[in-house]
Amino acid sequence: MLDHEPSLPVAQAKVMNRKLSIEIYGQLMYGKMINRTVSIDGGLKSNPHFEEVLNNFDHYRNLYDLIGYELVMRDGFAFIRTSDGTDAKDDLARNIQGLLLVLFRGTLELGFTMDVLLNDSAGLSNNHIEEIGKGEDKVEVLIACGMKSGVLMEHIKKLETRAIAYRNGKGNLVLSESGAAFFNDLIGEGDLEV
Amino acid sequence: MVVKTDVALINMIQNKGVFLDLIDHMDKVGEGEEVRIVMYQQKLRALLDSVAPLPNTRVLREVPAERRKLESALCIENLERVGLVIQVDSARGVMVFAPFVIEMFRHFDGARLRHLNSADYELIRASFNRLYEVFITLPSLNREDIGFQEQVSVLRKEIRTATAKMKECVDALQGRLQRLGEIVDQMRYDVIDEVAKAQEALGEINSIYLRNILPALQFLGEHTDLKRTKPALTALTCIGDQLAHYGHDKLASSVYYSVESIRSYRHDISIISGSLMRYVQQSEAHRRAYDKIEQAWNRLYEGVRELHDGSLKDNILPSTHPVFARLNTYSGLKMRVFEAKVEWPDANQRLALAEHLRTTLPNIKISSGKIHQLSGQTNESGELKRRRDARLLAIGILVEEWEPRLTDDAHVAMHEHLKDRLKGYELTDLLMSVGWLRKREGICLIPRYQIGNLATDCESLRYYKLQVETEHA
């Protein structure tokens, strides 16, 4: 820790869980989101990693700050972003956001409401995802957003790998808190900022 | 065959499903009381087939009696003959049931009762206002006056009608909303048909809220500011006041009770409105989500289409494109590759040498080989280099011996230290010594941006001054 940083109280450092901390490091370095809930055996459970970050957020923030990352905590999820925002990093954000927008638009076109993607008991089946991916406009957008193949089904796995979406008990695709945040940002877009 | 009214009615009631469906359709398409003849005949045929299907051989005699009886009772010609259908317009293909028939079926199911809309409320309000005008302009409010008696009779009738309609409306709203609410609440989000039904139900709830609930609340409001006229309940209260003023206390009391009775429906309507709000907000949230996603998609797709300029290159939207300016949920998200974020210090030759010696020295074995003296001419250049290296080493040792202290001029300090200790000292040696000093651990040389001068008997040196700082300082 740098000299000018205020040292953390010993009591706070004591409650940090070493095992969880190592696992969190592994997930964050792998570019994964840490969501409030996690799907285990087809049911949603509270995520111990998220609780750990939430309870010791100041400490973790300093920790990741020292090694060049910004630990971001939003409503229901946490992730790290590189402090020196370079184009390469934003290309990644573009890919994911473009992919999600394709998914959202396709879902509405099929006649569903967004609840199907936001509700753990529902979810979008592989058949529906394939149906969405057949749209020519969807393929064009995927390619323009940097996804070479333009096959939606292949790229959906990226969302699962990064914990932006998960498969529920029925095997359907559901957005996690971090995926839902993009939807909420879209809904809040254009509102007056207080 | 003519079938009497009562028998026909009993048959209709026994098969009320057909007529309730017709009422639903009427309410849905909003064509008033008209029913399409084709639709009625289709439903009747389906009913007859379910009651007694036709045999395969189509001979009149073989038609089941039960089917013939039902068909005779419910066929359009018979219903028109006995007055249960009041109009058949073959040119337009529609027919109209007698109003009491429709009302009767509506009463079988609260959800199908007619809701009052703003036009109905306006009629009630206008009638109360008209009666108020009549009561304040009547020349005499005497009990024996026939004109007064007639107006009182009309007043009672209007109040009864208004109360009955309000009750019917509240029952209808409660029943209808319960049915629609069940459709929405029991919807499975991942079944398209159910989602479509729920969307339809939400649309209807929204329409009921705007067309029935809000006008009802407005009708029951007593402080609404209306041009030239009064709100319905205010008009009724004024009539009561007028009657009380002329000594008709009992009559006035009954009017006041009626006002309270109608006013009590405000509570019911408010409760319905409250429970409705959840669905209205849900519908609003769906609409908003749809709009926002559509906007974002259109912006993105427009950006994509602009890339299709035939150049067949650069068909990828840059992340700096304005389309993505507002989408920054994941900006800066980490790549899934290992990044060496820790910045290691620059290579330090001294440390590298120390590390090299630490690892290699223990492995060096002292050779037992013979030492041979090379004969012949001495190598002058080698000898010169050896001497220079020896002098350089001697300067290094002297610099190591120098006791570090804070001083403003490293050159002067080294000059003072070396001039008496180093044999044949020259100012060139001073430059070497400063070089050694720079590498010495625990000492830091900081430029002072001043020029200094040093001179011996035969040499002179101009140099930039360096301040000596130790790490302990």
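Biologist: Let's start with the hairpin of E4(A) and E5(A): which residue in the turn has a positive phi?

Modeller: This is a predicted model, and in it E4(A) and E5(A) form a hairpin with two residues between them. The strands run antiparallel and are joined by six bridges. Within the turn, the residue with a positive phi, about 95°, is Gly76(A).

Biologist: Nice. Which residue is the bridge partner of Met73(A) in E5(A)?

Modeller: E4(A) covers residues 69-74, so to speak the strand that leads into our hairpin. One pair there sets Arg74(A) opposite Phe77(A) in E5(A). For Met73(A), the bridge partner in E5(A) is Ala78(A).

Biologist: Which strands stand at the edges of the open sheet in chain A?

Modeller: The sheet has three strands in the order E1-E5-E4 (chain A), with antiparallel pairing. E1(A) pairs with E5(A) over two bridges, and Asn35(A) has Phe77(A) as its bridge partner in E5(A). A strand with a single partner has one side left without a neighbour in the sheet, so the edges here are E1 and E4 of chain A.

Biologist: And which helix lies across E1, E4 and E5 of chain A?

Modeller: Chain A offers 10 helices to choose from, along with seven strands. The one we want runs at about 80° to E5(A), and the helix is H10(A).

Biologist: H10(A) makes me curious about the partner chain. Which element gives the largest share of the side of chain A that touches chain B?

Modeller: In the contact between the chains, 48 residues of chain A meet 35 residues of chain B. Elements giving two or more residues to the chain A side are strand E5, helix H5, helix H6, helix H8 and helix H10 of chain A. The largest share, 16 residues, comes from H5(A).

Biologist: How many residues on that side of chain A are nonpolar?

Modeller: The residues of chain A that touch chain B divide into three classes. There are 12 polar and 12 charged residues, and the nonpolar ones number 24.

Biologist: Before we leave chain A, what percentage of its residues is buried?

Modeller: A residue counts as buried if 20 or more other C-beta atoms lie within 10 Å of its own. Among contacts in chain A with a separation of 6 or more, residues 24 or more positions apart account for 55%. Of the 194 residues in chain A, the buried share is 39%.

Biologist: On to chain B: are H8(B) and H11(B) roughly parallel or antiparallel to each other?

Modeller: Their axes come within 10 Å and cross at roughly 15°, and the crossing is left-handed. Angles under 35 degrees count as roughly parallel. The two helices, H8(B) and H11(B), are therefore roughly parallel.

Biologist: How many nonpolar residues does the contact of H8(B) with H11(B) have?

Modeller: On the H8(B) side the residues include Val152(B), Ile159(B), Met166(B) and Leu173(B), and on the H11(B) side they include Leu251(B), Ile262(B), Tyr265(B) and Asp268(B). By class, the contact has five polar residues and one charged, while the nonpolar count is 15.

Biologist: Chain B has a sheet too. Which strands are its edge strands?

Modeller: This open sheet has three strands in the order E1-E3-E2 (chain B), with antiparallel pairing. Three bridges join E1(B) to E3(B), and four join E2(B) to E3(B). Each edge strand pairs on one side only, and these are E1 and E2 of chain B.

Biologist: What is the average turn of neighbouring strands of this sheet against each other?

Modeller: Two of the pairings in the sheet set Glu34(B) opposite Val96(B) in E3(B) and Val85(B) with its bridge partner Phe97(B) in E3(B). With direction ignored, neighbouring strands are turned against each other on average by 25°.

Biologist: Which helix packs on the sheet of chain B?

Modeller: The helix touches E1 and E3 of chain B. Its direction makes about 60° with that of E1(B), and the helix is H3(B).

Biologist: One last hairpin: which residue takes a positive phi in that of E2(B) and E3(B)?

Modeller: The hairpin has four residues between the strands. The phi in question is near 70°, and the residue is Gly93(B).

Notes:
Residues numbered from 1 in each chain as written. Chains lettered and ligands numbered in written order. Predicted model: local features only at pLDDT ≥ 70, side-chain atom pairs only at ≥ 80, totals over all residues. Contact = placed C-beta atoms within 7 Å. Nonpolar A, V, L, I, M, F, W, Y, C, P; charged D, E, K, R; others polar. Pairing = 2+ DSSP bridges. Axes fitted to C-alpha atoms, helices over the stretch in contact; angles between N-to-C directions. Parallel < 35°, antiparallel > 145°, perpendicular 65-115°, else oblique. Left-handed = near helix turned anticlockwise from the far one by under 90°. Buried ≥ 20, exposed ≤ 12 C-beta atoms within 10 Å, placed from the backbone.
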